[in-house]
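Below are some notes for a first reading of this fold, set out as numbered points. Please keep the structure open beside them while you read.

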Amino acid sequence: MYLHEEQITCPYCWEAITLLVDPSESQTYTEDCFVCCRPILVNTQVTGDQITIEVTQEDLGF
Ligand SMILES: [Zn+2]
């Protein structure tokens, strides 16, 4: 499966990290930050070949 690389900023430690995103569908999931290991809530919106990513702290939700 092809995965798209997107850079985001961790909502906890503000480090720039790279996520591997499945570009085939929009989805919401939790991914642990590679730097601080806290759970980042990730929302991906796939529109054609455009991918929009939102991230927030898991406790806050969208
Ligand atoms: Zn972090």
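1. A definition comes first: two strands are said to pair if DSSP finds at least two bridges between them. The elements themselves are DSSP runs numbered from the N terminus, with helices being runs of H or I of at least four residues and strands being runs of E of at least two. As an example of a bridge, threonine 30 has leucine 41 in β4 as its partner.

2. Two remarks on the source are needed before going on. The model is predicted, and local features need pLDDT of at least 70, side-chain atom pairs count only at pLDDT 80 or more, while totals for chains, interfaces and linings use all residues. Residues are numbered from 1 along each chain as its sequence is written.

3. On the overall make-up, the protein has 0 helices and 5 strands, and from the N terminus on the elements run β-β-β-β-β. The radius of gyration, which is taken over C-alpha atoms, is 11 Å, close to the 11 Å that the globule rule gives for 62 residues, so the protein is as compact as a globular protein of that length. The globule rule in question is 2.2 Å times the number of residues to the power 0.38. Along its principal axes, the C-alpha trace spans about 30 × 20 × 15 Å.

4. How many of the residues count as buried? Of the 62 residues of the protein, 5% do, where a residue is buried if 20 or more other C-beta atoms, placed from the backbone, lie within 10 Å of its own, exposed if 12 or fewer do, and partly exposed in between. Contacts, for which the C-beta atoms of two residues, placed from the backbone, must lie within 7 Å, can also be sorted by distance along the chain. Among the contacts with a separation of 6 or more, 23% are between residues 24 or more positions apart.

5. The N-terminal part of the picture is a hairpin made by β1 (4-9) and β2 (16-21), with 6 residues between the two strands. These strands run antiparallel and are joined by 6 bridges, one of which links glutamine 7 to threonine 18 in β2. In β1, the number of buried residues is 0 out of 6, so this strand lies largely in the open.

6. In the turn of that hairpin, tryptophan 14 deserves a look, for it has a positive phi of about 65° although it is not a glycine. Is tryptophan 14 buried or exposed? It is exposed, because 9 other C-beta atoms lie within 10 Å.

7. The remaining strands form an open sheet of 3 strands in the order β3-β4-β5, with antiparallel pairing. Its edge strands are β3 and β5 (50-57), each of which pairs on one side only. Neighbouring strands of this sheet are turned by 25° against each other on average, direction ignored; the axes behind such an angle are lines fitted to C-alpha atoms, for helices over the stretch in contact, and angles run from 0 to 180 degrees between N-to-C directions.

8. Between β3 and β4 there are 6 bridges, and besides the example given at the start, tyrosine 29 has valine 42 in β4 as its partner. In a regular strand the side chains alternate between the two faces of the sheet. Of the 6 residues of β3, the number buried is 0, so this strand lies largely in the open.

9. The loop between β3 (27-32) and β4 (39-47) holds cysteine 37, and this hairpin has 6 residues between its strands. Cysteine 37 has a phi near 65°, a positive value in a residue other than glycine, and it counts as exposed because it has 9 C-beta neighbours inside 10 Å.

10. Aspartate 32, in strand β3, is exposed as well, with 11 other C-beta atoms within 10 Å. Leaving aside its neighbours within four places in sequence, aspartate 32 is in contact with Cys37, Arg38 and Pro39. The C-alpha atoms of aspartate 32 and cysteine 10, which are 22 residues apart along the chain, are separated by 9.6 Å.

11. Finally, β4 and β5 run antiparallel and are joined by 8 bridges, among them the one between threonine 47 and glutamine 50 of β5. Their hairpin has 2 residues between the strands, and glycine 48 there takes a positive phi near 60°.
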